[in-house]
Amino acid sequence: MNWISNYVRPRINSIFSRREVPENLWSKCDSCGTMLFHRELKENLNVCTSCGHHMGISPRARFKSLFDGGIFTQVEVPEPVADPLHFRDQKKYPDRMREARRKTAEHEAMLVAEGEIGRTHIVAAAQDFSFMGGSMGMYVGNAIIAAAERAVMKKCPLILFSAAGGARMQEGILSLMQMPRTTVAVQMLKEAGLPYIVVLTHPTTGGVTASYAMLGDVQIAEPNALICFAGPRVIEQTIREQLPEGFQRAEYLLDHGMLDRVTPRPKMREELITITRMLLGLPPAVMGDLPPPASMVDELPETAEAGAEKTASEAAPGEAPLESPEKK
């Protein structure tokens, strides 16, 4: 037995040829703890296949699953003044912005796009909770106004996906001023007779809930989404009482008339297509296109010849037989 050839050399080769497994191949569900393969989770739009828990999703990934063919055009948003208050806590405000942009690869906390869903042109806006908690600053206010103006210009519905922890404290009173500004933008849509649909995702809290997030013609929420102005812990500490089970969750608000629908994320696209076409007075969307009918010219030679012989045999006595399609 050759010990070097049979043991040492294979051992050395296995060490140097070992491939490192990426750490992001598996994700753990925050609710049930199931380990989910990244491709399976992505195909299910970041919804746990075991318990149905809805995890966070970026605006671009949401738009890719929403628009026809995943094709959309980003709407330009006016850039506000950077760091107007020169705010600083543990870090400077510009440093926090740079960190958030590096982490999310996005410019700000809201993305505005336009495209078609079910062959219906819409404008959509989505907040990114991973960008400083989706906080509502001047840029978010400008984004909603730009989305509303674009929808009015294109005469199409506006669909907004909210996900925020409230106003951005680094911009102080300027962030709170976005509440009336966005309310005026929503009023523009109502005066133009255009639908405004809001999809509330987890979490939607603070000044966002107190303004544009609760002004939709139709209010839809994802399952178990936290929707509130003040959090349940703050309320319990204030009134010193135990809150009901599931308080301020989407299902609780649906039962108490605050929402119209609670729709899982994989079914959201079909739901929005149906609602937008209904509000616009359009017929139901065609879910699939049938192939064009085959032409008689494309028939097989055997079939065409058989048809010609049958035509000749069926002709009445003394009459000329009908010509076959090929002879025509």
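**Note on two cysteines and a set of paired strands**

1. Cys51 is partly exposed, with a relative accessible area of 39%, and Cys32 is likewise partly exposed, at 36%. Please keep in mind while reading that this is a predicted model.

2. How many disulfides are there under the distance rule? The count comes to 0, and the two cysteines just described show why: the sulfur of Cys51 has its closest cysteine sulfur in Cys32, at 3.6 Å, which is too far for a bond. A disulfide would need the two sulfur atoms to lie within 2.5 Å, and, taken from the side of Cys32, the closest cysteine sulfur is that of Cys51, again at 3.6 Å and therefore too far for a bond.

3. Turning to the strands, is S4 mostly covered or mostly open? Strand S4, which runs over residues 110-117, is mostly covered, since 7 of its 8 residues are buried.

4. Strand S4 pairs with strand S3, made up of residues 73-74, in the antiparallel sense and over 2 bridges; within this pairing, Thr73 stands opposite Glu114 of S4.

5. Strand S4 also pairs with strand S5, residues 120-127, where the sense is again antiparallel and the pairing extends over 8 bridges. One pair of partners that you can look up in the structure is Ala113 and, in S5, its bridge partner Ala124.

6. Which residue takes a positive phi in the hairpin of S4 and S5? In this hairpin, which leaves 2 residues between the strands, Gly118 takes a positive phi near 60°.

Note on methods. Residues numbered from 1 in each chain as written. Predicted model: local features only at pLDDT ≥ 70, side-chain atom pairs only at ≥ 80, totals over all residues. Heavy atoms only, no water. Buried < 20%, exposed > 50% of the residue type's maximum accessible area, 1.4 Å probe, protein only. Helix = DSSP H or I, 4+ residues; strand = E, 2+ residues; numbered from the N terminus. Pairing = 2+ DSSP bridges.
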